[in-house]
Amino acid sequence: MKQPELKPKGVFVIVDENKYMHKIYLRCLKELKLDNQVVSCHNGQEAFSYLKDTKDKIFMILSEITMPKIDGHELKRMINMTPELHSKAIPFFYLSEVHLEAVIKAAYGMGIQGYFRKSADIEKLLKILTCIFDFWTLCVHPKNLK
């Protein structure tokens, strides 16, 4: 798998209750030769607490929808309703096993940047992540202006 055109800058926040998927994401980042910091959260509550408290520059959030405590939709809603987080315009993606039309429409209604089928297949996930990373590394975006 080819490496992204440019190296993404900032922290990857992975939000998924499945610990195995965190290992798959880390393996993909290693395969892509990316050494960005990764913050692993196992539910939206952990992710929101981290995002509120951190001074780290976040490159993007990769989230599952279905999780205990606070799910992906509620996490995105909370980010949108928190001015200091919303103004950071952090790219937010769902990689989920849920593919219901109503869920997908609701996700895009909250301003996510993409919705993908989650896969434990390394090659499929590498293809998805490479596309996402290339786009968000090259685009002009508020998070890149400082």
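**Close-up views of a five-stranded sheet and its surroundings**

Ser63 is buried, with a relative accessible area of 0% (buried means under 20%, exposed over 50%, partly exposed in between, using a 1.4 Å probe and protein chains only). The model is predicted: local features need pLDDT of at least 70, side-chain atom pairs count only at pLDDT 80 or more, and totals for chains, interfaces and linings use all residues. Residues are numbered from 1 along each chain as its sequence is written, and side-chain values use heavy atoms, with hydrogens and water left out.

**View 1. Ser63 in strand E3**. Leaving aside residues up to four places away in sequence, Ser63 touches Val15, Gly72, Leu75, Phe92, Phe93, Tyr94 and Leu95 (contact means heavy atoms within 4.5 Å). Strands (E, at least two residues) and helices (H or I, at least four) are DSSP runs, numbered from the N terminus.

**View 2. The open sheet of five strands**. The strand order is E2-E1-E3-E4-E5, with parallel pairing (two strands pair if DSSP finds at least two bridges between them). Strand E2 (38-41) and strand E5 (114-117) are the edge strands, each pairing on one side only. From one strand to the next, the twist averages 20 degrees (axes are lines fitted to C-alpha atoms, for helices over the stretch in contact, and angles run from 0 to 180 degrees between N-to-C directions).

**View 3. Helices H5 and H6 against the sheet**. Helix H5 (residues 101-109) lies across strand E4 (92-96) and E5, and runs at about 150 degrees to E5. Helix H6 (residues 122-138) packs on the sheet and touches E1, strand E3 (58-63), E4 and E5. The direction of H6 makes about 145 degrees with that of E3.

**View 4. Ser40 in strand E2**. Strand E1 (residues 11-15) runs parallel to E2, and four bridges join them. Ser40 is the bridge partner of Ile14. Ser40 counts as partly exposed, at 31% relative accessibility. The side chains of Ser40 and His22 are joined by a polar contact of 3.1 Å (a pair of N or O atoms within 3.5 Å; within protein, one must be able to donate a hydrogen and the other to accept it, and residues adjacent in sequence count only if both atoms are side-chain atoms).

**View 5. Positive phi at Lys69**. Most residues other than glycine have a negative phi. Lys69 has a phi near 65 degrees. This residue is found in the loop between E3 and helix H3 (72-81), and Lys69 is exposed, with a relative accessible area of 66%.
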